[in-house]
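Please open the model in a viewer and keep the sequence panel beside it. The tour below proceeds by selection, with a short account of what is found at each stop.

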Amino acid sequence: MMAAAPPSYCFVAFPPCSKDGLVVFGKNSARPRDEVQEVVYFAAATHDPGSKVECTYIEIEQVPKTHAVVLSRPSWLWGAEMGANEHGVCVANEAVVTREPASESEALLGMDLVRLGLERGATAREALDVIVALLEEHGQGGNYYEDGSSCHAFQSAFLIVDRNEAWILETSGKYWAAEKITEGVKCICNQLSLTTKIDAEHPELRNYVRSQGWWNDDTDFNFSEVFSLDDDHLACCSGRESLEKQGGDVSAQTMIDVLRDKDSGVCVDSESFLTTASIVSVLPQDPSFPCVHYFTGTPDPSRSIFKPFIFVDDVKLVPKVQSPSFGDDDPAKKIPRFQEKPDRRHELYKAHEWARSLLESDQDKGQKLMRIMLDLEKQGLEAMEDILTRTEILDPAEVVDLFYDCVDTELKFFK
């Protein structure tokens, strides 16, 4: 029996479903319950010819220039579950199971491809091209979890978004297909969703599935039908209805509400999995406005707050949402891997654990704390709304400490 892929959810809303010329992106990252996610920023950089980059399991060629990125990632790995770059590109991945067994041998992880797409692509289409070229060259494979006792390998799907368009990219091994989206609402989860509308694909895709006997030309080529194990590729997205119900009004707040919804299943809190971190990004179609990216940096969005980040030069780093670094002594870097699990909790994560125990032991106090937190979040959302509706150009100095200050204020409330 193949292990079930963690039930993460990714969304994008374009006008006319979203507010005032905004593209709104969101993801809940469902991962093993005790895994810690950190939020990290890497500045744009230039690299010497011939340099290499050490991904989670393998080393690959570096490119001459990498873009600035902000990432939410399981703190033991190199890549990311989701993130954004300075050009307003957002990428999130989903682990998926296809009829092709995922490779356990170490290659690029789906999460590595998220980061590589962001570091190397200045548009959604460029990020897609980067990801599929690297898949072709290096393949995907290796353990998705920090688990020394067994290997959990998956194929990957991606939602890749910029101010103008989105691409849904679904893969199986090195084979892939993609659909371009420019309007309405789309959701991807841990099942294949592409059907017959395919706007780009691996040049050998159809020959390959013919040779496997999975498809002959009698029917329209339907990617999910050809690659899914059974009929589980149809009933995916419970959150989509809630977004569509908004009529043309999807905003950051709406997306946050959808990500917090436990009844719909979008906010995962089960025996094996928990939403360990969330992101919402607002990408104005007018390039004179900045993109705003909200991160929780903590588990369970219904008990976390979304804090805004805007790319500017010399943005202030936020060590309080970064996990400790173990360098070469990290059990994730030693072979055999994951022989022990170090304590990867960052300061904000620890504060949240304390708040959670308070919520459980003293309901009144807990509820009161939650109300204060949500009020803090609302102030952040309103300040960002102001930035996205005013006529004068944003002064970078105004937001250089933005994410830092939000995390700091949140921590102060917990103290």
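**Cysteines**

Begin by selecting every cysteine in this predicted model: a search of the whole structure finds zero disulfides. Take cysteine 55, which is in no disulfide; its nearest cysteine sulfur belongs to cysteine 151, 17 Å away. Cysteine 55 counts as buried because its relative accessibility is 3%, under the 20% limit for that class. Cysteine 406 likewise takes part in no disulfide, and the nearest cysteine sulfur to it, that of cysteine 291, is 17 Å away.

**Helix α1**

Select residues 110-120 next, which make up helix α1. Is this helix buried or exposed? Of its 11 residues, 11 are buried, so α1 is largely enclosed by the rest of the structure. Among the buried residues are the charged side chains of Asp112, Arg115, Glu119 and Arg120, together with Met111, Leu113, Val114, Leu116 and Leu118. Gly110 and Gly117 are also buried.

**Salt bridges**

The next selections concern charged pairs. The count for the model comes to 30 salt bridges, of which three are visited here.

Select glutamate 106 and arginine 337, whose side chains meet in a salt bridge at 2.7 Å, N to O. Glutamate 106 lies in the loop between β10 (90-96) and α1, and arginine 337 in the loop between β18 and α7, so the pair ties together parts that are 231 residues apart in sequence. The two partners are covered as follows: glutamate 106 is partly exposed, at 38% relative accessibility, and arginine 337 is buried, at 13%.

Move to lysine 52 and glutamate 61, where the side chains form a salt bridge of 2.7 Å, N to O. Lysine 52 is partly exposed at 43% relative accessibility, and glutamate 61 is partly exposed at 43% as well.

The third pair is lysine 262 with aspartate 269, joined by a salt bridge of 3.1 Å, N to O. Lysine 262 has a relative accessible area of 33% and counts as partly exposed; aspartate 269, at 36%, is also partly exposed. Now widen the selection to Arg33, Lys262, Asp269, Asp300 and Arg303, which are linked in a network of salt bridges.

**Backbone features**

Stay with aspartate 300 from that network. Its phi is positive, about 60°, although the residue is not a glycine. Aspartate 300 sits in the loop between β17 (292-295) and β18 and is buried, with a relative accessible area of 1%. Then select aspartate 314, which has a positive phi of about 55° and is not a glycine either. Aspartate 314 lies in the loop between β18 and α7 and is exposed, at 72% relative accessible area.

In the loop between β18 and α7, select proline 336. The peptide bond leading to it from isoleucine 335 is cis, with omega near -10°. Another cis peptide bond joins proline 15 and proline 16, with omega of about 5°; proline 16 is found in the loop between β1 (9-13) and β2 (22-32).

**A negative patch**

For the last stop, display the surface and select Glu54, Glu59, Asp328 and Asp329. Which charge does the patch carry? These four residues form a negative surface patch. Aspartate 329 belongs to the loop between β18 (307-309) and α7 (347-361). Aspartate 329 counts as exposed because its relative accessibility is 58%, over the 50% limit.

Definitions and conventions: Residues are numbered from 1 along each chain as its sequence is written. This is a predicted model: local features need pLDDT of at least 70, side-chain atom pairs count only at pLDDT 80 or more; totals for chains, interfaces and linings use all residues. Side-chain values use heavy atoms; hydrogens and water are left out. Patches are made of residues with over 30% relative accessible area and no salt bridge: like charges are joined within 9 Å, nonpolar side chains (Val, Leu, Ile, Met, Phe, Trp, Tyr) within 5 Å. Accessible areas come from the Shrake-Rupley method with a 1.4 Å probe; for residues, only the protein chains shown count as cover. Lys and Arg count as positive and Asp and Glu as negative; His and the chain ends are not counted. The place of a charge is taken as NZ of Lys, CZ of Arg, CG of Asp or CD of Glu. Helices (H or I, at least four residues) and strands (E, at least two) are DSSP runs, numbered from the N terminus. Buried means under 20% relative accessible area, exposed over 50%, partly exposed in between (1.4 Å probe, protein chains only). A disulfide is a pair of cysteine sulfur atoms within 2.5 Å.
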